[in-house]
Amino acid sequence: MLDHITALRERFDQALAKADTPPELEELRVAFLGKKGHVSSLMKGMKALSNEEKKAFGLRVNEWKEGVEQALAAAKRRMEEAEIDRLIHGAKPYDITLPAVPPLAAAARGSYSPITLVQREVERVFVSMGFTVEDYPEITDDYSCFQALNIPEHHPARDMQDTYYLSNGQLLKTHTSAAQNAIMRKYGAPLKAIFPGRCFRNEATDACHENTFFQMEGMMIDESISISNLIYFMKTMLSEVFRKDIRVRLRPGFFPFVEPGFELDISCLICGGAGCPSCKGGGWLELCPCGMIHPNVLRMGGIDPERYTGFAFGLGLTRLAMMKYGVSDIRDFNSCDLKKLSQFIAE
Ligand code: FA5
């Protein structure tokens, strides 16, 4: 019996030395440690031995069994480490300049989001009219987002723009107007700037409201800027972006940071003005509120309101993309649903 153990030990050692892959190791484990394996048949063979012999033999078999288990585990670990090493060091370097391989080339080609496309379009129009394009963080503070815009603490206008607060008191900006104060302080007057950005609101979502959406703010400040200038720039921007006749309407709107303030609505291009979920049934979509910058806001931005006047607007970029590309539900943009999004892919 003891010779039998010695012979099996040699057999195992030789087989282990030849095993190169995890499946081969598994085969070896089953052959030696499995229910019908060699260890178990050795144990079965003990029945014929005396009690004294059983004790000595059982001890030897168990010792060897533990050795087999440890040897298999160590071999498995070595193989895994070698595989990781091969992946890190031995893999062929990946050439990122290679063209995609069919069928991926056709199916998975990336594209700009319609929001990016429309943003670039609006930027192109305003840059051609002498505006600069400014950047502003998504995280800001209460002062910039509200107080510097003539919205003190407890002002009811805050109810319309509930947002997400960080534990340090900062917040995710609710509108691109949050950048007005920083930009006025940076450049002073005269000033012509647009600033696109992502905005966040704690919002009940529907076909035209998202909790995360894009706006494009614009400001023009100089001596004798009037509502006529505001209307001219709004008209030019819309006719350049749509390149077709669209119906717009201007109506009074209240925003504490402009006086007077307007709502600029666009006739819904999804339903042609008949009323649908995209325009909440009204046939018109609020697109670009605007107005003459309030003297308090100019003053807080370090600009003398006795000398300078200016206009500001807050264009709903995501809604503009909806209208331009015929996306009837704003939530599709953030859906990550390629089936839906690929319909709107444009070059
Ligand atoms: C504002 O955010 C003001 N800061 C705009 C402004 C700027 C007024 C400068 C005057 C002067 P309002 O909350 O209405 O206003 O948002 C402006 C536009 O952003 C809306 O007309 C709409 O087009 C878009 N918008 C607002 N909320 C959402 C939302 N939840 N989802 C998608 N688009 C939105």
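This text walks through a predicted model, from surface patches to salt bridges and two buried loop residues.

Start with Gly34. This glycine sits in the loop that joins helix 2 (22-33) to helix 3 (38-44). Its relative accessibility is 13%, so Gly34 counts as buried, the cut-off for that class being under 20%. Which residues does Gly34 touch, once neighbours within four places in sequence are left aside? The answer is Arg29 and Ser40.

Move on to the charges in this part of the chain. Lys35, Lys36, Lys44 and Lys47 gather on the surface as a patch of positive charge. One of these lysines, Lys44, belongs to helix 3. Lys44 has 51% relative accessibility and therefore counts as exposed. The line for that class is drawn at over 50%.

A second surface patch has another character. Ile84, Leu87 and Ile88 make up a nonpolar patch. Together they offer about 320 Å² of accessible area. Ile84 is part of helix 4, which covers residues 51-90.

Now turn to the salt bridges. Side chains of opposite charge can pair when their charged atoms come close. The structure holds 13 salt bridges. Three pairs and one network are described here.

Take Glu138 and Arg198. Their side chains meet in a salt bridge, with 2.9 Å from N to O. This pair links distant parts of the chain, with the two positions 60 residues apart in sequence numbering. Glu138 is in the loop between strand 1 (132-133) and strand 2 (139-140). Arg198 is in strand 4, residues 191-200. Are these two partners buried, partly exposed or exposed? Glu138 has 34% relative accessibility, so it counts as partly exposed. Arg198, at 32%, is also partly exposed.

Next comes the pair of Asp265 and Arg249. In this salt bridge the closest N and O atoms are 2.8 Å apart. Again, distant parts of the chain are linked: Asp265 lies in strand 7 (residues 258-267) and Arg249 in strand 6 (residues 248-252), 16 residues apart. The two ends are placed in different accessibility classes. Asp265 counts as buried because its relative accessibility is 1%. Arg249 is partly exposed, because its relative accessible area is 33%.

Strand 6 also supplies Arg251, which pairs with Glu286. Here the closest N and O atoms of the salt bridge are 3.2 Å apart. Glu286 sits in strand 8 (residues 284-286), and the partners are 35 residues apart. Both count as partly exposed: Glu286 has a relative accessible area of 41%, and Arg251 has 27% relative accessibility.

Salt bridges can also join up. Which residues are linked in a network of salt bridges? They are Glu121, Arg124, Glu240 and Arg243.

End at Asp332. This residue is in the loop between helix 11 (317-325) and helix 12 (338-341). Why does Asp332 count as buried? Its relative accessibility is 13%, and buried means under 20%. Setting aside residues up to four places away in sequence, Asp332 touches Val327, Lys340 and Leu341.

Note on methods
Residues are numbered from 1 along each chain as its sequence is written. This is a predicted model: local features need pLDDT of at least 70, side-chain atom pairs count only at pLDDT 80 or more; totals for chains, interfaces and linings use all residues. Side-chain values use heavy atoms; hydrogens and water are left out. Helices (H or I, at least four residues) and strands (E, at least two) are DSSP runs, numbered from the N terminus. Buried means under 20% relative accessible area, exposed over 50%, partly exposed in between (1.4 Å probe, protein chains only). Contact means heavy atoms within 4.5 Å. Patches are made of residues with over 30% relative accessible area and no salt bridge: like charges are joined within 9 Å, nonpolar side chains (Val, Leu, Ile, Met, Phe, Trp, Tyr) within 5 Å. Accessible areas come from the Shrake-Rupley method with a 1.4 Å probe; for residues, only the protein chains shown count as cover. A salt bridge is a side-chain nitrogen of Lys or Arg within 4 Å of a carboxyl oxygen of Asp or Glu. Lys and Arg count as positive and Asp and Glu as negative; His and the chain ends are not counted. The place of a charge is taken as NZ of Lys, CZ of Arg, CG of Asp or CD of Glu.
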